[in-house]
Amino acid sequence: MNMDKVVCNCLSVTIGKIKDAIDSGAGTVEEVQDITGAGTVCGACLDDVKRVVEELLAEKS
């Protein structure tokens, strides 16, 4: 997975930033959103954010 890939264009949130949020203890999409803001502006990326969070959480467990 490319950690530099931007998932949320509105806030320039990358996969790496989402991974950092999960590594810091976020365990849900909502917690990742609280930390990164991803998917909270226009919502167009929400499906991608959810997919990335689910994949990263699956890798972690």
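This is a short talk about how helix α1 packs in this structure, and about the nonpolar core it belongs to.

Okay, hi everyone. One thing up front: what we're looking at is a predicted model.

Let's start with two helices. When people talk about a packed pair, they describe it by the angle between the axes and the distance between the axes. Here the pair is α1, residues 15-23, and α3, residues 46-60. Their axes come within 10 Å and cross at roughly 50 degrees. Oblique means an angle that isn't roughly parallel, antiparallel or perpendicular, and the perpendicular range only starts at 65 degrees. So α1 and α3 are oblique to each other, and their crossing is right-handed.

Who's doing the touching? On the α1 side you've got Ile15, Ile18, Lys19, Ile22 and Asp23, and α3 brings Val52, Val53, Leu56, Leu57 and Lys60. Sort those residues by type and you get seven nonpolar, three charged and no polar.

Now, which residues of α1 are buried? They're Ile15, Gly16, Ile18, Ala21 and Ile22. And α3 isn't alone in covering them: the cover also includes β1, β2 and α2. Just after the helix ends, you'll find glycine 25, with a positive phi near 120 degrees.

Let's zoom out to the largest nonpolar core, which has 16 residues. The members touching the most others are Ile18, Val32, Val49 and Val53. Two or more residues each come from β1, α1, α2 and α3.

Last one, Val49. If you skip its neighbours within four places in sequence, Val49 is in contact with Val7, Val29, Ala38 and Gly39.

That's my bit, thanks!

Notes. Residues numbered from 1 in each chain as written. Predicted model: local features only at pLDDT ≥ 70, side-chain atom pairs only at ≥ 80, totals over all residues. Heavy atoms only, no water. Axes fitted to C-alpha atoms, helices over the stretch in contact; angles between N-to-C directions. Helix = DSSP H or I, 4+ residues; strand = E, 2+ residues; numbered from the N terminus. Parallel < 35°, antiparallel > 145°, perpendicular 65-115°, else oblique. Left-handed = near helix turned anticlockwise from the far one by under 90°. Contact = heavy atoms within 4.5 Å. Nonpolar A, V, L, I, M, F, W, Y, C, P; charged D, E, K, R; others polar. Buried < 20%, exposed > 50% of the residue type's maximum accessible area, 1.4 Å probe, protein only. Core = buried A, V, L, I, M, F, W, Y, C linked by side-chain atoms within 4.5 Å.
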